[in-house]
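Reader: Please take one part of this model and describe closely how it is packed. After that, follow the other helix contacts and a few single residues in the same manner.

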Amino acid sequence: MILNEIDKIIASHYKECEYPVCIVQSREWGTSRPLEGLTVLDATPCFRNSLVKYRALIAAGANFVLGLADGYPHDKNIAQLLADNGIKIVHSTEQQSLNVDVILDCAASFSHWKARLGVVELTRSGVPKYAGTKQPVFVADGGAIKKIETCLGTGDGYYRAMRHLGYSDWQGKKLVIFGSGKVGSGLLVYAVRHGAQATVVTQPQSVTPKVRQLATEIIDCANVDAVVTAVSQAYAVVTATGVAGALAHPALSQALINSSAILANMGVEDEYGPDMPAARVLNNKMVLNFMLDEPTHLKYIDATMALHNEGIIYLLSHPDAARLINPPVAVEERILDITRRNGCITAELNMI
């Protein structure tokens with residue numbers, strides 16, 4: 001049985017404190033079976049730690065379908081394990097081939113598909129593709145919980161990936177971070193912890209007091225000359241704007257190509273633009289930490305994955321819902337309470 005196979009892998013790699021919310025979800029839903037008979041397509045990036053999320057959905061009675069976003073990496077061994085145990089797999093390049101009740105989407109990879117009850121979108125970058133829709137779209141990135149993953153988890157993931165590639169000494173090194181949102185802020189927090197001198201390139205109006213406190217320098221992204229000077233002197237450059245082609249200014253592209261800086265992308269989109277050869281950027285412009293067996297540590301994404309699942313319950317209990325929906329505060333607080341009480345990142349939550 002698929003749950004037995006999943007349980008073996010989870011037990012051999014994780015402690016329960018690393019997924020306190022998903023384990024509660026699995027146990028409670030395994031009894032109440034709130035998704036009995038529903039076909040749920042889940043496009044969450046398929047890696048080993050995603051199994052705790054999938055387990056909750058399967059235990060809840062869902063007819064679970066794995067959605068793979070073509071062009072984005074996934075753990076082929078995990079996908080094969082699911083396929084070998086009867087789980088249907090569909091690809092984002094396919095036209096809709098089955099009736100689906102709910103799509104748990106990621107970066108709007110399956111926005112061309114239709115779901116009877118609606119969609120739960122995992123990322124902020126996927127929202128624009130759903131902005132004009134009348135169907136209900138529960139946006140898991142619309143509240144506070146996603147900050148745990150995008151700030152702590154993604155920040156940690158960048159430095160783990162860099163260490164994996166041999167870049168582990170940050171003391172006194174100049175790092176240029178493009179973007180000051182949740183991902184950029186996380187990169188900045190960990191830059192300071194690693195002893196780097198971090199310059200943040202962003203829109204001045206978006207700078208928070210936390211970013212202002214931690215950054216060595218803040219440069220207006222419209223000041224191309226200053227940005228070019230910064231990247232020319234940088235040890236490393238990392239993008240986290242969430243905007244495709246954000247660095248595609250000709251002068252900036254040339255400065256990046258000519259620099260000795262180690263370039264990486266931590267956004268879903270190609271933020272460097274078409275003039276930048278893929279080979280010049282680590283992992284060929286793909287999100288850098290996706291090169292790891294575990295791109296984001298489970299302890300940082302447990303709450304996000306549970307909230308993504310919880311969006312289905314919201315859709316079921318709000319049949320008249322429409323358009324974009326942010327997570328209710330009460331739902332997030334319930335999840336965060338479990339994270340604080342039973343999880344192993346309680347102290348780190350204070351960083352955000």
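Author: Helix 2 and helix 3 are roughly parallel to each other, a term for angles under 35 degrees, while over 145 counts as roughly antiparallel, 65 to 115 as roughly perpendicular and the rest as oblique. Helices (H or I, at least four residues) and strands (E, at least two) are DSSP runs, numbered from the N terminus. The model is predicted, so local features need pLDDT of at least 70 and side-chain atom pairs count only at pLDDT 80 or more, whereas totals for chains, interfaces and linings use all residues. Residues are numbered from 1 along each chain as its sequence is written, and side-chain values use heavy atoms, with hydrogens and water left out.

Helix 2 covers residues 20-32 and helix 3 residues 51-59; their axes lie 8 Å apart at an angle of about 10°. Axes here are lines fitted to C-alpha atoms, for helices over the stretch in contact, and angles run from 0 to 180 degrees between N-to-C directions. The crossing of helix 2 with helix 3 is left-handed, that is, the near helix is turned anticlockwise from the far one by less than a right angle; clockwise would make it right-handed. From helix 2 the contact takes Cys 22, Gln 25, Ser 26, Trp 29 and Gly 30, and from helix 3 Val 52, Lys 53, Arg 55, Ala 56, Leu 57 and Ala 59. Contact means heavy atoms within 4.5 Å. Six of these contact residues are nonpolar, three polar and two charged. In this classification Ala, Val, Leu, Ile, Met, Phe, Trp, Tyr, Cys and Pro are nonpolar, Asp, Glu, Lys and Arg are charged, and the others, Gly among them, are polar.

Helix 3 itself is largely enclosed by the rest of the structure, because nine of its nine residues are buried. Buried means under 20% relative accessible area, exposed over 50%, and partly exposed in between (1.4 Å probe, protein chains only). The buried residues include the charged Lys 53 and Arg 55. Tyr 54 belongs to helix 3 and has a relative accessible area of 0%. Apart from neighbours within four places in sequence, Tyr 54 touches Asp 42, Thr 44, Pro 45, Cys 46, Phe 64, Leu 66 and Leu 82. Val 65 is 11 residues from Tyr 54 along the chain, with 9.5 Å between the C-alpha atoms. Just after helix 3, Gly 61 has a positive phi of about 100°.

Helix 2 also packs against helix 10 (residues 298-317), where the axes come within 7 Å and cross at roughly 35°. Helix 2 contributes Pro 20, Val 21, Cys 22, Gln 25 and Trp 29, and helix 10 contributes Asp 302, Ala 303, Met 305, Ala 306, Asn 309, Glu 310 and Ile 313. By class, this contact has eight nonpolar, two polar and two charged residues. Cys 22, Gln 25 and Trp 29 of helix 2 take part in both contacts, with helix 3 and with helix 10.

A further pair is helix 1 (residues 2-13) with helix 4 (residues 76-84), whose axes come within 10 Å and cross at roughly 155°. These two helices are therefore roughly antiparallel, and their crossing is right-handed. Ile 2, Glu 5, Ile 6 and Ile 9 of helix 1 meet Ile 78, Leu 81 and Leu 82 of helix 4. Six residues of the contact between helix 1 and helix 4 are nonpolar, none is polar and one is charged. Leu 82 of helix 4 is also among the contacts of Tyr 54.

Helix 9 (residues 250-258) has Leu 252, Ser 253, Ala 255 and Leu 256 as its buried residues. Seen down the helix axis, they fall within an arc of 165°, so they line one face of helix 9; the arc is that of the directions from the axis to the C-beta atoms. Pro 250 and Asn 258, on the other side of helix 9, are exposed. The cover over the buried residues includes strand 7 (174-178), helix 8 (224-232), strand 10 (236-239) and strand 11 (262-265).

Ala 230 sits in helix 8 and is buried at 11% relative accessibility. Beyond its neighbours within four places in sequence, Ala 230 contacts Val 176 and Ile 219.

Two loop residues remain. Ala 107, in the loop between strand 4 (102-105) and strand 5 (118-121), has a positive phi of about 55° although it is not a glycine. Lys 285, in the loop between strand 11 and helix 10, likewise has a positive phi, of about 75°. Ala 107 is buried at 17% relative accessible area, and Lys 285 is buried at 11%.
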